[in-house]
Every structure is written in structure tokens, then in C-alpha cells.
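Here are some comments on the model, set out as numbered points. Please read them with the structure open.

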Amino acid sequence: MEHKTPSIAGSETPSKKGKVALPASCDPPQPGAPQKALVWIIFGGTGQMGRSLVKSCLNHGDSVTVVGRIFESTPEQMAQAHMHHPQAENAFGTLCDVRDYASVNRVIDQTLDRFGRIDCIANCSGYGVIGACEDQDEHEIRNQFETNFMGTVHIIHASLPYFREQGAGRYIIFSSTSGALGVPGLGPYCATKYAVEGLIEAMLYEVDAFNIKATLVEPGLVRRDEADTSMVPRWGHFLIKPASEPYSHATSPALHAKRMVQWLGDKQPTSAQKCADLVWQLGHCSYPPLRLLLGSYAIESIRDRLRSVTEELEDWKHLHFPVAPEPGENRGEGEGENRGGEMGDRDQDMEMEVEETSPTSNRE
């Protein structure tokens, strides 16, 4: 299966109206051209990105099942959340706990009963604890994995058989820059996002033959674009945990994530609505990318991390590959004619050394 080059929000080709658009290689929807109305399920539809994505889908004439969290919203709130939107008849509100497979499965059934089909599923739900790895207890770590990773697994297990039978379907899974680099103060949260990224990337190879697509969305520092944020917690889906004494000094790396969210407040540089419009295009483009980075912070931070990985590979490759001779250096007799053999001998020497010094070796 061929993966498209990741699209990067902020570097896409602008349309004639100045709006940010996916690159032409994705075959995105063209402005003014008629589009088939899709049916979406948006888990986490009451959160920061979820609310913007719901509005974008409704504005373009799509139908949406808006899924809120059972411990944050009531059925009455979900029923009335979009009642004043001009396309309110295309919105159906319901509640779910993504940690519970049966709860997720009910959302699938409800959507099929209401709209008759499902075209695209977006998972915007998530939960994170801001604090040092040592300060987070087992319950907090497990809850992050149950929400972020197992929630994604439940969504896939409940919907993939339907998509496979339909012969088409699309997943848009919200990851994070924390799924591509380690952020001090967000260790367990990063671990959940790394797990989600590995799951989706592997699954794409398995389902490509069924015409099922998936994209990992990696936003960074996204602000709220709407005045009404009464349904969105102050720090989004993050809980800030008080630091223990070893990690409490002002310059502690473990407080990095906390300093960032409190310093930025609502001044994040990336627009949630522009992000949502790009994600809507993902649902309608013919060749979605494996990853979509949203915002300059995401681009720069992930680029720096990849550069660091590349530099480490270059620093240590001499352990596994022959070192190129200096200009004018005499080569030994036969050297260069049997580089493969030299490589094999070097690897064998390394393996023998490890075996001889291993504490688990059974050699006498």
C-alpha cells in the first residue's frame, strides 16, 4: 500500500478565495463544485475540535451524529446543541463512553437507524493528565489508555465490519504532536498517542484492499474560535495535577506542559475552525494522507524531533556499516570486493561479544 506524503496545514495551496486547502495530490473538493453529502459520526463532538468540525460538516450540507461524553453532557443538551443551526435537521445528538464497547456500538446502530449509512468516523475524544510521570498514579494512567487507545480500538471494532461490507469508509483519528514526540509533563498521554499512531498505521495496510482509508490528525496549539465555550472545560480535555515536591520548582521540566497551557491560555496561534475545514476536506478528498499536521507549532516541533532522530542514526551507524575510507587511504588487499563478507564478519563479531558477556549466557 502506498502512503501519501503527509499534508501540512499552513503549507497547502490556498484557493482563489484565500482559504487553506489540501494539496491537489489529495484530490480535495473544489470550491463551488457539487459534493456528495456524507454521513459523519464525530466522537468527542462537544470538545474544542469536535464542535468546530460538527459546524463545518453541517455548513457544507453533511449529516452528523454528534457524540458527547456521558459524564459531561445530558441527553437534553445533546438534543438542543445544534437546534439553531440552519441545517439542524442533519444533526443527531447522542451520548457515549468510548471506554465501553457496548456504548460505542449503540452509537453505530443509532446512526444507521437515523441516517441509513455511515461514510466517515472522526474520533476527537481524548483525555490527558498534565504532570510528571512519577506523580501520575495507576488509575490516571489507565484512564488515559482506556479513553485514548482503547476508545479508538472500540470505535474500529464496532464500525470496521460495516465499512468492510459496504466496501468503503473513512476514519479520521485525532492524535497529537504528543503522538510524534515526548513532551515533559505529558508522558503517559504521549504513550497513548504513540500507541494510537502505531495501531492506525498498521491497520491501514490490513484494510486498504477494502477501500477503507484513515488519517491521523496531529494538531498543535489550537485555540477556540467561538465565544460560547460553556460546554468546553477551561483546559480542554486535560487535568492539571499538582506537582510533588521533587518536581515543583519553577524551572522543572515536568512543569513544561503546565507552563505552556497556562501561558498561552486562549492565545494559541492555530485556528480551530480552519483546522476543522481542512478535516472536512479529508472526508471528501479521494487520496487522504496518512498524517495531517495542523499548525506551525506541530510542523516545527515534529520536524525538529525527526531531525534529531536522523542525527542519532548518523552518529551511530558506524556500528553497523563499514566506515568509508578517507581520500587517498590505502585499502587492504581484496577490500572493496567483498564488502558484504566484511559486513557479515563484523555483525558476527558483535553478536559473539554480546553472547559472551551476557549475564544470561549458559556457556561455562
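Which residues in α8 are buried?

1. The model is a predicted one, and the points below should be read with that in mind. In helix α8, the buried residues include Ala 298, Ile 299, Ser 301 and Ile 302. The helix covers residues 296-316, 21 residues in all. From its first C-alpha to its last, α8 reaches 30 Å, close to the 30 Å expected at 1.5 Å a residue.

2. Pro 219 belongs to strand β8, which is made up of residues 212-219. Pro 219 counts as buried because its relative accessibility is 15%, and the cut-off for buried is under 20%. The C-alpha atom of Pro 219 is separated by 8.5 Å from that of Tyr 297, although the two residues are 78 residues apart along the chain.

3. Strands β3 (residues 63-69) and β4 run parallel and are joined by 6 bridges. Within this pairing, Val 64 of the one strand stands opposite Ala 91 in β4. Helix α2, residues 75-80, completes the arrangement: β3, α2 and β4 make a right-handed β-α-β unit.

4. Strand β4 itself, residues 91-96, is mostly covered, with 5 of its 6 residues buried. As background, side chains in a regular strand alternate between the two faces of the sheet.

5. On internal space, a search of the whole structure gives 4 cavities of 30 Å³ or more. The second largest cavity holds about 50 Å³ of space. Its lining consists of Ile 130, Gly 131, Ala 132, Asp 135, Ile 240, Lys 241, Ala 243, Ala 254, Leu 255 and Lys 258. By class, the lining of this cavity divides into 6 nonpolar, 1 polar and 3 charged residues.

6. The second largest pocket contains about 350 Å³ of space. There are 15 residues in its lining, and those nearest its centre are Leu 38, Asp 119, Ala 168, Arg 170 and Gly 283. Two elements, β7 (169-174) and α7 (272-284), each supply at least two residues of the lining of the second largest pocket.

7. What classes of residue make up the lining of the second largest pocket? The lining has 4 nonpolar, 7 polar and 4 charged residues.

How values were computed:
Residues numbered from 1 in each chain as written. Predicted model: local features only at pLDDT ≥ 70, side-chain atom pairs only at ≥ 80, totals over all residues. Heavy atoms only, no water. Buried < 20%, exposed > 50% of the residue type's maximum accessible area, 1.4 Å probe, protein only. Helix = DSSP H or I, 4+ residues; strand = E, 2+ residues; numbered from the N terminus. Pairing = 2+ DSSP bridges. Right-handed = clockwise from strand over helix to strand, strands pointing away. Expected span 1.5 Å × (residues − 1). 1 Å grid on protein atoms, 1.4 Å probe; cavity = no way out; pocket = protein on both sides within 12 Å on 5 of 7 lines; lining within 4 Å. Points joined across faces, edges and corners; volume = space filled by probe spheres on them. Nonpolar A, V, L, I, M, F, W, Y, C, P; charged D, E, K, R; others polar.
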